[in-house]
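Me: I should like to work through a protein model with you by question and answer. Please reason in short steps and end each answer on what was asked.

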Number of protein chains: 4
Amino acid sequence: MGQTGLQLSEFGLGSWVNWGTSIGLAEAKEILALAYDAGINFFDNAEGYEGGLSEQIMGDAINALGWSRDSYVVTSKVFWGGDKPTQRGLSRKHVFDACHAALNRLKVDYLDVFYCHRPDIDTPISETVEAMSDLVRQGKVMYWGTSEWSAQQITQAKAVAKQRNLVEPMVEQPEYNLLNRTKVEGEFRPLYSQGLGLTTYSPLASGLLTGKYLDGVPADSRLARSDYQWLREIHLGEGNNAKQSNIKRLNDIAGELNMSLSHLALVWILTNKCVSSVILGVNNTKQLSQNLGALDSREKLDAELLTTIDEILGNKPSEPERF
Amino acid sequence: MGQTGLQLSEFGLGSWVNWGTSIGLAEAKEILALAYDAGINFFDNAEGYEGGLSEQIMGDAINALGWSRDSYVVTSKVFWGGDKPTQRGLSRKHVFDACHAALNRLKVDYLDVFYCHRPDIDTPISETVEAMSDLVRQGKVMYWGTSEWSAQQITQAKAVAKQRNLVEPMVEQPEYNLLNRTKVEGEFRPLYSQGLGLTTYSPLASGLLTGKYLDGVPADSRLARSDYQWLREIHLGEGNNAKQSNIKRLNDIAGELNMSLSHLALVWILTNKCVSSVILGVNNTKQLSQNLGALDSREKLDAELLTTIDEILGNKPSEPERF
Amino acid sequence: MGQTGLQLSEFGLGSWVNWGTSIGLAEAKEILALAYDAGINFFDNAEGYEGGLSEQIMGDAINALGWSRDSYVVTSKVFWGGDKPTQRGLSRKHVFDACHAALNRLKVDYLDVFYCHRPDIDTPISETVEAMSDLVRQGKVMYWGTSEWSAQQITQAKAVAKQRNLVEPMVEQPEYNLLNRTKVEGEFRPLYSQGLGLTTYSPLASGLLTGKYLDGVPADSRLARSDYQWLREIHLGEGNNAKQSNIKRLNDIAGELNMSLSHLALVWILTNKCVSSVILGVNNTKQLSQNLGALDSREKLDAELLTTIDEILGNKPSEPERF
Amino acid sequence: MGQTGLQLSEFGLGSWVNWGTSIGLAEAKEILALAYDAGINFFDNAEGYEGGLSEQIMGDAINALGWSRDSYVVTSKVFWGGDKPTQRGLSRKHVFDACHAALNRLKVDYLDVFYCHRPDIDTPISETVEAMSDLVRQGKVMYWGTSEWSAQQITQAKAVAKQRNLVEPMVEQPEYNLLNRTKVEGEFRPLYSQGLGLTTYSPLASGLLTGKYLDGVPADSRLARSDYQWLREIHLGEGNNAKQSNIKRLNDIAGELNMSLSHLALVWILTNKCVSSVILGVNNTKQLSQNLGALDSREKLDAELLTTIDEILGNKPSEPERF
């Protein structure tokens, strides 16, 4: 994971959406067992996923499977813990409360990675760095990181840690996929040589890169859920015509290569060596198997194809300016 | 709270006076429940209040109410723990002993804020900073602060912490009200830009700003208690004629605005953005409800009125000298 | 205690000699109760005293007396823990082992002061400073100090602590009495302004300053014990004629002042403001009462008398050289 | 042990090979009892020895023998913990996991020394130094060191520790014997003045220096084991003719001195004052007794003989270049 010694599998598995609600213990165990046997060792959670239920079910399932604690990596994130003012954000109080709550839900002695789920502009970065660093020194957390922080914020956190002999954040968790390349390939560029690792989420852009929304919104899909209208608006609302057209062209290319659009999208991420692990979000073992199948199509993405994709999408961040 | 991420409610509730003595468990629960439901999340204690009894009853009551630990802030203060030489002051020994005793009385795993209740000129400030910092690093305390320290003492504590990579004090608890503005608006001025938060006590000046002492001392009032003669002397003893006359004029102004003098006094404090939380001291739910009512009169204090008040009192600290 | 906030009583009580062997639990309780009631709050021990038995009996007795832990100061010292190579000295291993063993014997959660009983030239001073500092940071020890270290060694320990942000030693425990003034009044002089406190032992020079050896060695005295022949040789062996003659003259002076020689010797130490506490070693309540009586004769030692004593003894260290 | 206060016996005892497999609890107790009674206080283990079984049996045996914990030194090493990617190497995660597992297997509260069993080029040295340092600060480890690291790697670890106020590695565990002198007498030379201690293994070069392979490979010897063919190849494979010839000459010299080749080899190591302890690997009490007998032949190795040995072997590292 970046410049750390933590060895993450190329694919990780996240509990975002449905875990603990429509996915119960039995199904969670099946999915996790399949993942573990396929070599996946990175399991991603957050206090904010389904109000803690997803962590609870992940913890119960891993516990029931009896894996050796040193054979897998389990994470949590702090930010959205509850409705009260002291139950959210990155104050020392909430960072500690959230860590202890996650350890309880996951039934482990330590978190492998503890992420700040978003930046908190109401808390000085130095306070969060001190709190995270203390959790590492106490042995409750092995590594800490950020999610959806800006390059400036990550740089500041690293600077504070260096200045005060505290533990640095070593990993960022951004969205990254064919449709969203700005941060990973642009803004974060100066950070990789400083050791930043990436665990990326939404590899299929909330399902858009499965191609299933090319002909409308299926009734059983995530974007059909009433509580995800905000996400539907982002992806399928007005002004998304060009995006849909690009997806169609990628879909055609995948077809010519005898692979699914999903596989094209997943393998494309793996070609980026700055990515430590790609977090998959699945609802069942079938989806997971399908996603894992992408690894078989690995060699199909050669340099020429990558250039073609860049030209179709036109979203590759430009090189940094040299004045 | 100052430049921290701790989100305090505008009003806090203190256990000073009567808690654990005339206020028993049942009444404590009623008062706390009312406060909590009204959005108050900051509960202030000290080892020196009623010899620890007030903390005991506060802890029993919060425990009985079953609040989630991450939804409220509970504090203690160290200084007056007992009669023996090692049971008082800010030595490392007493700071640790007092912290452990407060955790036991309050039945919590950590204190949100631990205050030095007064400066201790017999203990080097560096020793106290080291002890407080160690408690924070151990996870027993989230933030530490001071109460009735001078600006010089706070500055020294912060300097020691910075020099040795220790945890800085982030909050001071001074008395602050219409009649006592010297420290908060004067002496502490250079500290706010360094992140100092304030939790202020005695917003009604021991009841003087309720107006209840304008016509003598009621038999059931605090200043009538034989053990508070020292406080009676301070407020109502010789040389207080001008003060009483000023209170009368403020009372008239409040009447013209159709609000009580208490509400005027409370809302006036809230206009000072350097104040993180105003600690209320109440004997029953009725007093608490009355105090909370002040928030409804908020908009009545406009810039013109504030100037009038300044002129009546003549106690606004002057601007710092520029040479 | 020096430049710390720890408030020690002028007299302390040590468990050296006889505690746990000829002094059993019942007698220990009697002596400790008398001391505590007289205001003594400092109780001194070491792993090396009677092979740990003295700490055991002190711990049992204090436990049985039920004192509040914050009302007294209890210490231990590390150096002579056992016969094996790893059971002695000031290695990190033995410092930790000895601390844990002392906590067990004394039945307390922390030691107020943990002393290095002697310098250990086979262990780098930095290793001992790091180990002691870690014990303080872990909350197992409040303060640490040294016993019979040289000024150079103490200075080096303080320098290492300052350089590495570790906890400094704050107290030294030397022998100090009318007959032995070299270290306290000479060698240590530059250290007092750096905050060094002193807890001194052997105020009566192994009994010589009671005058009981002026006419030979009583059968029931310490110097008559077969295992203390080395101490007898030091005090009463050849070349001690001048010392004995000086003791006689001091005895005469005490007689003229209507006080015992012991009282003169004890009060004389208290006139040195660099001494934080004078450790008494007693065999029974009678001896303790006699020693405590010294405080009544306090005012008899005026400046003139101190000068006379200096002249008789001729052992006052000279002023530091100014070149 | 180097510039530490840890007092190691000249010989140590390792659990490498056979402990927990062919050596069971009863035999382990016999061997350990004999060693302890002979003054050996250093017992060396690793998570990688027989998959943890050797530590298990060592822990059970020591526990059954009831030795006082402060009278002996027990170690472990981290690197080869399991087959999964997160179960090996020197990441913070695996360092912590391996420490906790070793404490469990050995049934102790702390490890005296915790070694990095090999360098891990996939983990930044700074991450390992921070993790080891945190374990020391937490009291779970007394000292940490390395095994088979290069001088450059050790130097870097020490530099990181000094720069960040962390705990330095104090000991290296290399192979060292008459046939392998490069690292100990050459590469590591600049490190001794910086305090590096050495605990060396393989004093008899996997048995070669017992002379037992001079006439072929005995059926019950280690090099006859099918899982040690790699070691057989190293020592007895092609290109080892000169080595075998040298061993014969040393064997002759030993014979002339009326001592065994083994004793010559062991005593020769003890003449190197940079070596803190020589780890013996034995299968039974008889082998241990034979090895311990070497101490009786100590005075036979005089300066003249050492020179003769150097000339025979021709493997003494040259002096460092002065330009």
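**Symmetry, contacts and folds**

Me: In this predicted model, by what turn can chain D be laid on chain A?

Reply: Two copies of a chain are related by a rotation about an axis and a shift along it. Here chain D fits on chain A with an RMSD of 0.0 Å, and the shift along the axis is 0.0 Å. The turn that achieves this is 90 degrees.

Me: As by what kind of axis are the two copies related?

Reply: The turn that lays chain D on chain A is 90 degrees, with a shift of 0.0 Å along the axis. The two copies use different surfaces, as 4% of the contact residues of chain D recur in chain A. From the turn and shift, the copies are thus related as by a four-fold rotation axis.

Me: In the contact of chain C with chain D, which element of chain C gives the most to the side that touches chain D?

Reply: The contact takes 23 residues from chain C and 17 residues from chain D. On the side of chain C, the elements that give two or more residues are helix 3 (92-106) and helix 4 (125-137). By class, this side has four nonpolar, ten polar and nine charged residues. The element that gives the most, with five residues, is helix 3 of chain C.

Me: At what angle do helix 3 of chain C and helix 4 of chain C pack?

Reply: Two packed helices are described by the angle between their axes and the distance between the axes. For helix 3 and helix 4 of chain C, the axes are 9 Å apart, and the crossing is right-handed. The angle is about 30 degrees.

Me: How many residues of the contact of helix 3 of chain C with helix 4 of chain C are nonpolar?

Reply: Helix 3 of chain C contributes Arg92(C), Val95(C), Phe96(C) and Cys99(C) to this contact. Among the residues from helix 4 of chain C are Glu127(C), Ala131(C) and Leu135(C). The contact has one polar and three charged residues, and the number of nonpolar ones is six.

Me: Which residue of strand 5 of chain D stands opposite Leu111(D)?

Reply: Chain D holds a closed barrel of eight strands with parallel pairing, in the order 1-2-3-4-5-6-7-8. Within chain D, strand 4 (residues 111-116) pairs with strand 5 (residues 141-146) in the parallel sense over five bridges. Opposite Leu111(D), in strand 5, stands Val141(D).

Notes
Residues are numbered from 1 along each chain as its sequence is written. Chains are lettered from A and ligands numbered from 1 in the order in which they are written. This is a predicted model: local features need pLDDT of at least 70, side-chain atom pairs count only at pLDDT 80 or more; totals for chains, interfaces and linings use all residues. Copies are superposed by least squares on the C-alpha atoms of residues with pLDDT of at least 70 in both. Two residues are in contact if their C-beta atoms, placed from the backbone, lie within 7 Å. Helices (H or I, at least four residues) and strands (E, at least two) are DSSP runs, numbered from the N terminus. Ala, Val, Leu, Ile, Met, Phe, Trp, Tyr, Cys and Pro count as nonpolar, Asp, Glu, Lys and Arg as charged, and the others, Gly among them, as polar. Two strands pair if DSSP finds at least two bridges between them. Axes are lines fitted to C-alpha atoms, for helices over the stretch in contact, and angles run from 0 to 180 degrees between N-to-C directions. A crossing is left-handed if the near helix is turned anticlockwise from the far one by less than a right angle, and right-handed if clockwise.
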